[in-house]
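Reader: I'm new to reading protein models, and I'd like to start with one small spot and work outwards. Could you take me through it slowly?

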Amino acid sequence: MASKLFEYAILHHSKPTKAEEEQGKKPTTSIVVQPTRIIALDEHQALLVAARDIPAEYLDGKLDEIEVLIRPF
């Protein structure tokens, strides 16, 4: 099986605190890992590589706020 080119990015969707919700503030989204190109056998392998790139500060308690986006070329 031939390898393919994939691109991934990792986003953080912050949840507003109770006080921020009461003030009407909306959740914000930021790019944690800029779009990165990799070569992988399939989308599953690309996802595993991308998941390893999630910064440690998001692994405890904030992982549910992380989104990994992957697209093939």
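Does D64 count as buried or exposed?

Author: Happy to! Please keep in mind that this is a predicted model.

D64 has a relative accessibility of 54%. The cut-off for being exposed is over 50%, so D64 counts as exposed. Its side chain has a partner: D64 forms a salt bridge with K15, and their closest N and O atoms are 2.9 Å apart. Now find the two residues along the chain. D64 is in the loop between helix 2 (43–51) and strand 3, while K15 is in the loop between strand 1 and helix 1 (18–22), so the pair links distant parts of the chain, 49 residues apart. K15 is exposed as well, with a relative accessible area of 54%. Elsewhere, salt bridges that share partners join E7, R37 and R71 into one network.

What brings such pairs together? Side chains of opposite charge can pair when their charged atoms come close. In this model the count comes to three salt bridges, so let's look at the ones in the network.

One of them joins R37 to E7, with the closest N and O atoms 3.9 Å apart. The limit for a salt bridge is within 4 Å, so this pair qualifies. R37 is in strand 2 (residues 29–40) and E7 is in strand 1 (residues 4–13), and 30 residues separate them. The surroundings of these two residues are not alike: R37 is exposed, with a relative accessible area of 59%, whereas E7 is buried, at 12%.

E7 also meets the side chain of R71 in a salt bridge, at 2.7 Å from N to O. R71 lies in strand 3 (residues 66–72) and E7 in strand 1, so this pair ties together parts that are 64 residues apart in sequence. R71 itself counts as partly exposed, at 46% relative accessibility.

Those bridges led us to the strands, so let's see how the strands are arranged. They form an open sheet of three strands in the order 2-1-3, with antiparallel pairing. Strand 2 and strand 3 are the edge strands, each pairing on one side only. From one strand to the next, the twist averages 20°. Between strand 1 and strand 2, which run antiparallel, there are nine bridges. You can pick out a facing pair there: I10 stands opposite V33 in strand 2. Helix 2 lies across strand 1, strand 2 and strand 3, and it runs at about 140° to strand 3.

Now to the nonpolar side chains. The largest nonpolar core has eleven residues: F6, Y8, I10, V33, I38, A40, A46, A50, I54, Y58 and I66. Strand 1, strand 2 and helix 2 are the elements that give two or more residues to this core.

Y8 is a good core member to zoom in on. Y8 sits in strand 1 and is buried, with a relative accessible area of 5%. Beyond its neighbours within four places in sequence, Y8 is in contact with several residues, including V33, I38, A50 and L69. Look at Y8 and L69 in particular: they are 61 residues apart in sequence, but 5.4 Å apart in space, C-alpha to C-alpha. Another core member, I66, is in contact with I10, L11, H12, V32, I54 and Y58, again leaving aside neighbours within four places in sequence.

Finally, step back to the whole chain. Its secondary structure comes to two helices and three strands, and from the N terminus the elements run β-α-β-α-β. The radius of gyration is 15 Å, well over the 11 Å that the globule rule gives for 73 residues, so the chain is more spread out than a compact globule. Along its principal axes, the C-alpha trace spans about 55 × 25 × 15 Å. Of the 73 residues, 22% count as buried. The links you followed from D64 onwards have company: of the contacts with a separation of 6 or more, 70% are between residues 24 or more positions apart.

Terms used
Residues numbered from 1 in each chain as written. Predicted model: local features only at pLDDT ≥ 70, side-chain atom pairs only at ≥ 80, totals over all residues. Heavy atoms only, no water. Helix = DSSP H or I, 4+ residues; strand = E, 2+ residues; numbered from the N terminus. Buried < 20%, exposed > 50% of the residue type's maximum accessible area, 1.4 Å probe, protein only. Core = buried A, V, L, I, M, F, W, Y, C linked by side-chain atoms within 4.5 Å. Contact = heavy atoms within 4.5 Å. Pairing = 2+ DSSP bridges. Axes fitted to C-alpha atoms, helices over the stretch in contact; angles between N-to-C directions. Rg over C-alpha atoms; globule rule 2.2 N^0.38 Å.
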